[in-house]
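Here is a friendly walk through the side-chain contacts of one model, written for someone who likes the cut-offs spelled out. Please have a look at the sequence and structure first.

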Amino acid sequence: MSAHESMEHAEHAEHASGSNKKIALLIAVLALFLAVSETLGKGAQTESISKNVEAANLWAFFQAKSIRRTVVVTAAEQGKLTLAGADEAQKPAVQKQVEDWTKTAARYRSEPETGEGTEQLAEKAKHAEHDRDEATAKYHHFELASAAFQIGIVLASATIITGMLALAYVSGILTLAGLFMTGLGLWWPHLLHLH
């Protein structure tokens with residue numbers, strides 16, 4: 001091998017080494033973005049599960065209150081029928097009981113001071129469902145971002161092995177796609193309907 005060929009070979013190796021450093025930096029950046037999107041995704045997944053449990057509990061409480069309210073309304077209606085056939089001595093006691101049942105039924109329907117009337121419980125449950133849906137939408141975006149970053153890491157790694165720079169460009173495009181999906185997850189989770 002001549003001195004000239006040796007110089008060309010050394011220059012080519014130096015250029016490849018510089019290129020590999022850039023690809024290694026791309027891989028490191030992709031790994032960082034992957035860690036962030038995975039962390040955000042797990043947080044959103046946990047929030048989604050938590051809000052789903054909260055909504056289910058609130059709807060169960062709503063059902064229990066609704067059943068109690070129905071029982072009390074039925075008792076009040078039965079009391080009204082009893083009142084019609086009651087003798088004069090019993091009427092005040094029956095009337096008071098019907099009024100108490102009617103008040104209880106109204107309280108079961110709306111109890112703003114405790115937030116445990118059926119109206120308030122339904123509102124809370126719907127809010128929890130909304131929060132669950134929001135967290136689920138975020139989770140889907142973060143998962144897609146993570147997939148883009150993972151594929152980008154594989155392609156960037158393949159660039160080092162194969163020397164095909166086109167793979168590095170595709171990896172760069174996937175990085176941008178992952179960042180876009182992460183941004184959607186953070187700020188506009190319902191812009192795209194992914195579920």
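Arg-68 sits over the face of Tyr-108, 5.9 Å from the centre of the ring. A charge counts as sitting over a ring if NZ of Lys or CZ of Arg is within 6 Å of the ring centre and within 35 degrees of the ring normal.

A word on the ground rules. This is a predicted model, in which local features need pLDDT of at least 70 and side-chain atom pairs count only at pLDDT 80 or more, while totals for chains, interfaces and linings use all residues. Residues are numbered from 1 along each chain as its sequence is written, and side-chain values use heavy atoms, with hydrogens and water left out.

**Around Tyr-108**

Tyr-108 also turns up among the contacts of Thr-118 (contact means heavy atoms within 4.5 Å). Setting aside residues up to four places away in sequence, Thr-118 touches Phe-62, Lys-65, Ser-66, Tyr-108 and Arg-109. Thr-118 belongs to helix H3, which covers residues 118–162; helices (H or I, at least four residues) and strands (E, at least two) are DSSP runs, numbered from the N terminus. Is Thr-118 buried or exposed? Thr-118 counts as buried because its relative accessibility is 9%. The scale calls a residue buried under 20% relative accessible area, exposed over 50% and partly exposed in between, with a 1.4 Å probe and protein chains only.

**Salt bridges**

Lys-65, one of the contacts of Thr-118, brings us to the charged pairs. How many salt bridges does the structure hold? There are 9 of them, each defined as a side-chain nitrogen of Lys or Arg within 4 Å of a carboxyl oxygen of Asp or Glu. The table lists three, including the one made by Lys-65 and Glu-111.

| Salt bridge | N to O distance |
|---|---|
| Glu-111 and Lys-65 | 3.1 Å |
| Lys-80 and Glu-77 | 3.5 Å |
| Arg-107 and Glu-111 | 3.7 Å |

The bridge of Glu-111 and Lys-65 links distant parts of the chain: Glu-111 is in the loop between helix H2 (91–109) and H3, Lys-65 is in helix H1, and their positions lie 46 residues apart. Glu-111 has a relative accessible area of 8%, so this residue is buried. Lys-65 is buried too, because its relative accessibility is 4%. Glu-111 also meets Arg-107 in a salt bridge, and Arg-107 is partly exposed, with a relative accessible area of 36%.

Lys-80 and Glu-77 are both in helix H1, 3 residues apart, or about one turn of the helix. Lys-80 is partly exposed at a relative accessible area of 42%, and Glu-77 is partly exposed with a relative accessibility of 42%. Elsewhere, Lys-51, Glu-54 and Asp-131 are joined into one network by salt bridges that share partners.

**Aromatic pairs**

A pair of aromatic rings is described by the distance of the centres and the angle of the planes. Searching the whole structure gives 3 aromatic pairs. Rings of Phe, Tyr and Trp (its six-membered ring) pair if their centres lie within 6.5 Å; planes under 30 degrees apart count as stacked, over 60 as edge-to-face and the rest as tilted.

Why is the pair of Phe-33 and Phe-149 tilted? Their planes are at 40°, with the ring centres 5.6 Å apart, so the pair falls in the tilted class. Phe-33 lies in helix H1 (residues 3–85) and Phe-149 in helix H3, so the pair ties together parts 116 residues apart in sequence. Phe-33 is partly exposed at 23% relative accessibility, whereas Phe-149 is buried with a relative accessible area of 1%.

Trp-59 and Phe-62 make an edge-to-face pair, 5.2 Å centre to centre and with 85° between the planes. These two are 3 residues apart in helix H1, so about one helical turn separates them. Trp-59 counts as partly exposed, at 25% relative accessibility.

**Helix H4**

Helix H4 covers residues 165–187 and includes Met-181, which is buried at a relative accessible area of 12%. Met-181 and Glu-111 are 70 residues apart in sequence, and their C-alpha atoms are 43 Å apart in space.

Leu-165 is in helix H4 as well and is partly exposed, with a relative accessible area of 43%. Apart from neighbours within four places in sequence, Leu-165 is in contact with Ser-19 and Thr-159.
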